[in-house]
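User: I'm new to reading protein models and would like some help. Could you walk me through one, feature by feature?

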Amino acid sequence: MAKCYPIFGSEDAADLFNPDEMLDLFLRCTVDAICIIDMENRFIRINQIYSRIFGYTEEDVIGRRYEELPIPDHLDDIIVQVKNGQNFPNLITQSYHRDGHMVDIAVSYSPLRNSSGEIIAILGIYRDITKEISMERELKRTRELYKLITENASDLIKVYSKDYKIVYASPSHEKVTGYTPEQLLGLHVFDVIQPEEQEALISMVEKLVETGDPQLIQITMKTKDNKVLYVETTVSPVYNEKMEADSYVTVSRNITDRVENDAALRNLDRLSIIGQLAAGVAHEIRNPLTSLKGFSKLLKSATPIEKQSEYLAIISEELDRIDMIVNEFMSLAKPQANQFERGNLISILDSTVNVLRPQAMLDNVQVRINYPKDYPKEDRFDLLCSPNQLKQVFVNILKNAIESMPKGGIVTISIRKLKNKRVVITFKDEGPGIDSELLKCLGTPFYTTKDKGIGLGLTVSNKIVQEHNGMMKIESQQGKGTTVNIELEYL
């Protein structure tokens, strides 16, 4: 069994161990690659880590001059200076692996001196930092790429701190809003949006915190010259190492032109509907007016008191009927604000049927509404919606159904409850149906099969339904009529 001798603690410790053995032990145990070069530039020692980093074994290098191996260009100058007693600690450079690929290394070169202080060799200590350098290069490349994107993107990119203050704004803000990025830094999110949008933003943030998923919101803001700007914004959380939302990134797109175009199309479609309904409404009003004239003449004549009361009651009913027709017509004709409120689905459907009943009667069409059998009739399916916009959708679909049956028929409106607070409204007519090829084109702006149509009804309707977090689907077969299904979310 080999003896163990103490390295320290004895005056003659140097006589009790072999320096070559200690050097071998050091070379084996260190985590760094080490090579020793003599004063003639020949390798005299390397360790296993050196072989692992550079691919050369002891047999490959011992006795060979370092110039015989692929080395960095600056090594010659460094060796000369080290021989003159200079140290080169913590030098970051690159060297070659035996197979030819580059290795990033942190290296230190130092002179080795004997007991007399004479330099007898050069010590090179290497550490492979290829992985770290690669990550640093990738990070730098990514930062440069992000900088390139943010500086050249037309979208408005902002980064908000945890307390919702702007810490970064892309240069595109100056072109779109008139504010420079420097003017926006430090502003609170409420400083850059319209006051009426704050409630919707707070609701969006609550949902973002609850789900952790990016959120999409449409808001309005003001430019530096006080113009209203409509923007569609995606808000995404940025998490720290503790998986806490540390900041928020927003990417906003100027959709002012799109919003204004949508508003123009909807207004055009609404005016078209009003024009087409005018004749039916005039006809419906003419009937009670005729009654009013007749009973007014009767009241002028000598009639018993009891008959006068009866005539006045009839006149009052007819006036109420005219008032209802005019109100329904005007609700469709007035400008529509794009703000959601609580509305009753069945009330909206009843109102739609009332405004179209004159046209249906003229075309000998019956309109029937089937309420859910398993649901109490007093449940109105409350929606978060724009009632006038939904009425515009229902008027478009019901009017199409009526006009598809010029010889009369039945339009059935059904309501069916789905899971997850969803409801489907179905409009089914007994018309001739639509050819499958023509069905593919429905919804294309300005495409119409009618002589007097403008081809915007279904386009606008589908857009409104989508804004209500809903879906619209049209099914039709020639000879079997057409069915339109609208799926919406109720409260």
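User: Let's start with a single residue: in which helix is Leu-148 found?

Analyst: Helices (H or I, at least four residues) and strands (E, at least two) are DSSP runs, numbered from the N terminus. Leu-148 is found in helix α5, residues 130-152. Before we go on, this is a predicted model, where local features need pLDDT of at least 70 and side-chain atom pairs count only at pLDDT 80 or more, while totals for chains, interfaces and linings use all residues. Residues are numbered from 1 along each chain as its sequence is written, and side-chain values use heavy atoms, with hydrogens and water left out.

User: Is Leu-148 buried or exposed?

Analyst: Buried means under 20% relative accessible area, exposed over 50%, and partly exposed in between (1.4 Å probe, protein chains only). Leu-148 counts as exposed because its relative accessibility is 52%.

User: Where would I look for a buried one, and what does it touch?

Analyst: Try Ile-217, found in strand β8 (residues 215-222). Its relative accessible area is 8%, so Ile-217 is buried. Contact means heavy atoms within 4.5 Å. Leaving aside neighbours within four places in sequence, Ile-217 is in contact with Ala-200, Leu-201, Met-204, Val-231, Glu-232 and Thr-233. Ile-217 and Leu-201 are 16 residues apart in sequence, with 7.8 Å between their C-alpha atoms.

User: What about loops? How does Thr-30 fit in?

Analyst: Thr-30 is found in the loop between α1 (19-29) and β1 (33-38). With 16% relative accessibility, Thr-30 counts as buried. The side chain of Thr-30 reaches the backbone nitrogen of Asp-32 at 3.3 Å. Beyond four places in sequence, Thr-30 is in contact with Asn-47 and Ile-49.

User: And which loop holds Gly-408?

Analyst: Gly-408 lies in the loop between α12 (387-403) and β14 (409-417). Gly-408 counts as partly exposed because its relative accessibility is 22%. Not counting residues up to four places away in sequence, Gly-408 touches Asp-363, Asn-364 and Val-365. Also, the C-alpha atoms of Gly-408 and Met-361 are separated by 9.1 Å, though these residues are 47 apart along the chain.

User: Zooming out, how many helices and strands does the chain have?

Analyst: The chain's secondary structure comes to 14 helices and 17 strands. Of its 491 residues, 38% are buried. For contacts with a separation of 6 or more, 55% involve residues 24 or more positions apart.

Technical notes: A polar contact is a pair of N or O atoms within 3.5 Å; within protein, one must be able to donate a hydrogen and the other to accept it, and residues adjacent in sequence count only if both atoms are side-chain atoms.
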